[in-house]
Amino acid sequence: MEITERHTSFGGRQEVWWHESAVLGCAMRFGIYLPAAAVRGEPCPVLYWLSGLTCTEQNFITKAGAQAYAALHGLILVAPDTSPRGEGVADDSAYDLGQGAGFYLNATQAPWAAHYRMQDYVAQELPDLIEQHFPASGARSISGHSMGGHGALVTALRHPGRYRSVSAFSPIVAPSQVPWGQKAFAAYLGGDRAAWAQWDAVERIRSLPADAERLPLLVDQGLADEFLDVQLRPDLLESACHDANYPLTLRRQAGHDHSYYFIASFIGDHVAFHAAALKG
């Protein structure tokens, strides 16, 4: 690994690291905020953040204002890129497919399957790397925005016992039923809708056994979000959680859109929510 950025922030450090990913077959970057305790080498719990379409690790670390809250609660924050990247990595001219649009799944279709294994990266390779090279305690939670909200929900649902809590801003909760998800799933997974359901948070929650893990789930959704009615559909998540007795807190925020102004307004609540689960 090589460090490419280091900035003192709220008594801790905001860093960006570069490394070669064996899972993705390309170079990857991630942002990591280390609170003062972690800088001193003391073990701290980790909150993973998954960003949305077109984003890199930079969007969250420069726009969300999360470092102050991570410093307050003593959490490490990790923000990876949203997809594999590089000249040899398959891409598309559209913003919602290919590089910058990995959808946090493991692709099975050519040409995507060779590199697009973001689920294995965010759930396995990256945490292993963080826990090997940084003072991470092994207690993990996960959050994200839009496509990354989908990624956070699905990753937590696919890996019971790995995370203490999950939250999201404006998540794509039912990708099988909305244009963004349908386009990505058809390309990455092919035409088998049974395969799609394994990467759809609403479908997974609806099929949960009665004794399955049910993590605390906090979702914030802006009511002025331009993607609300067509792409996001929080009503579908609300219905699925009600039917499955899943502990959802869904907050509809008047006047807020899909931007990082929205995220910055409520990121403190989300960090505190995860801190309570991670330290409780």
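A search of the whole structure, which is a predicted model, finds 0 disulfides. By the general definition, a disulfide is a covalent bond between the sulfur atoms of two cysteines. Two of the cysteines can be placed by their accessibility. Cys44 has a relative accessibility of 3% and therefore counts as buried. Cys241 has a relative accessible area of 2%, so Cys241 is buried too.

**Backbone geometry**

The peptide bond that joins Ala110 to Pro111 is cis, and its omega is near -5°. Pro111 belongs to the loop that runs between strand 5 (76-80) and helix 4 (118-133).

Positive phi values occur at the residues in the table.

| Residue | Phi | Place |
|---|---|---|
| Thr54 | about 75° | loop between strand 4 (44-50) and helix 2 (57-63) |
| Arg233 | about 50° | loop between helix 9 (228-232) and helix 10 (234-244) |
| Gly190 | about 90° | just after helix 6 |

Thr54 takes its positive phi although it is not a glycine, and that statement also holds for Arg233. Arg233 has a relative accessibility of 25%, so Arg233 counts as partly exposed.

**Helix 6**

Which residues of helix 6 are buried? In this helix, residues 179-189, they are Trp180, Gly181, Ala184, Phe185, Ala187, Tyr188 and Leu189. They lie on the same side of helix 6 because they cover an arc of only 170° around the axis. An α-helix has 3.6 residues a turn, so residues three or four places apart point the same way. The partners of the buried residues of helix 6 are helix 5 (147-158), helix 7 (193-197) and helix 9, against which they pack.

**Helix 11**

Helix 11 consists of 20 residues, 260-279. From its first C-alpha to its last, helix 11 reaches 27 Å, close to the 28 Å expected at 1.5 Å a residue. Where is the kink in helix 11 centred? The kink, of about 50°, is centred on Phe266. Phe266 is also one of the buried residues of helix 11. The others are Tyr260, Phe262, Ile263, Ile267, Gly268, His270, Val271, His274, Ala275 and Leu278. At the start of the helix, a side-chain oxygen of Ser259 comes to within 3.2 Å of the backbone nitrogen of Tyr261.

**Loop residues and their contacts**

The contacts given below leave out residues up to four places away in sequence.

Ser146 sits in the loop between strand 6 (136-144) and helix 5. Its relative accessibility is 3%, so Ser146 counts as buried. Ser146 touches Gly52, Phe169, Ser170, Pro171, Ile172, Trp180 and His258. Among these, Trp180 is one of the buried residues of helix 6.

Val173 is part of the loop between strand 7 (166-169) and helix 6. With a relative accessible area of 1%, Val173 is buried. Its contacts are Leu153, Asp200, Ala201, Val202, Leu232, Arg233, Pro234 and Leu237. Arg233, listed here, is the residue with a positive phi of about 50°. The C-alpha atoms of Val173 and Arg233 are separated by 6.8 Å, while the two residues are 60 residues apart along the chain.

Is Gly98 buried or exposed? At 0% relative accessibility, Gly98 counts as buried, since the cut-off for buried is under 20%. Gly98 occupies the loop between strand 5 and helix 4, which is also the loop of Pro111. Gly98 touches Ser83, Asp91, Asp92, Trp112, Tyr116 and Tyr188. Of these, Tyr188 is a buried residue of helix 6. A separation of 10.0 Å lies between the C-alpha atoms of Gly98 and Leu53, which are 45 residues apart along the chain.

**The chain start**

Met1 lies in the segment before strand 1 (2-9). Met1 has a relative accessibility of 37% and therefore counts as partly exposed. Beyond its neighbours within four places in sequence, Met1 is in contact with Trp17, Trp18, His19, Phe30, Leu129, His133 and Phe134. Met1 and His150 are 149 residues apart along the chain, and 28 Å separates their C-alpha atoms.

Terms used:
Residues numbered from 1 in each chain as written. Predicted model: local features only at pLDDT ≥ 70, side-chain atom pairs only at ≥ 80, totals over all residues. Heavy atoms only, no water. Helix = DSSP H or I, 4+ residues; strand = E, 2+ residues; numbered from the N terminus. Buried < 20%, exposed > 50% of the residue type's maximum accessible area, 1.4 Å probe, protein only. Arc of directions from axis to C-beta. Contact = heavy atoms within 4.5 Å. Disulfide = S-S within 2.5 Å. Expected span 1.5 Å × (residues − 1). Bend = angle between axes of the 7 residues up to and from the residue. Polar contact = N/O pair within 3.5 Å; in protein donor to acceptor, adjacent residues only side chain to side chain.
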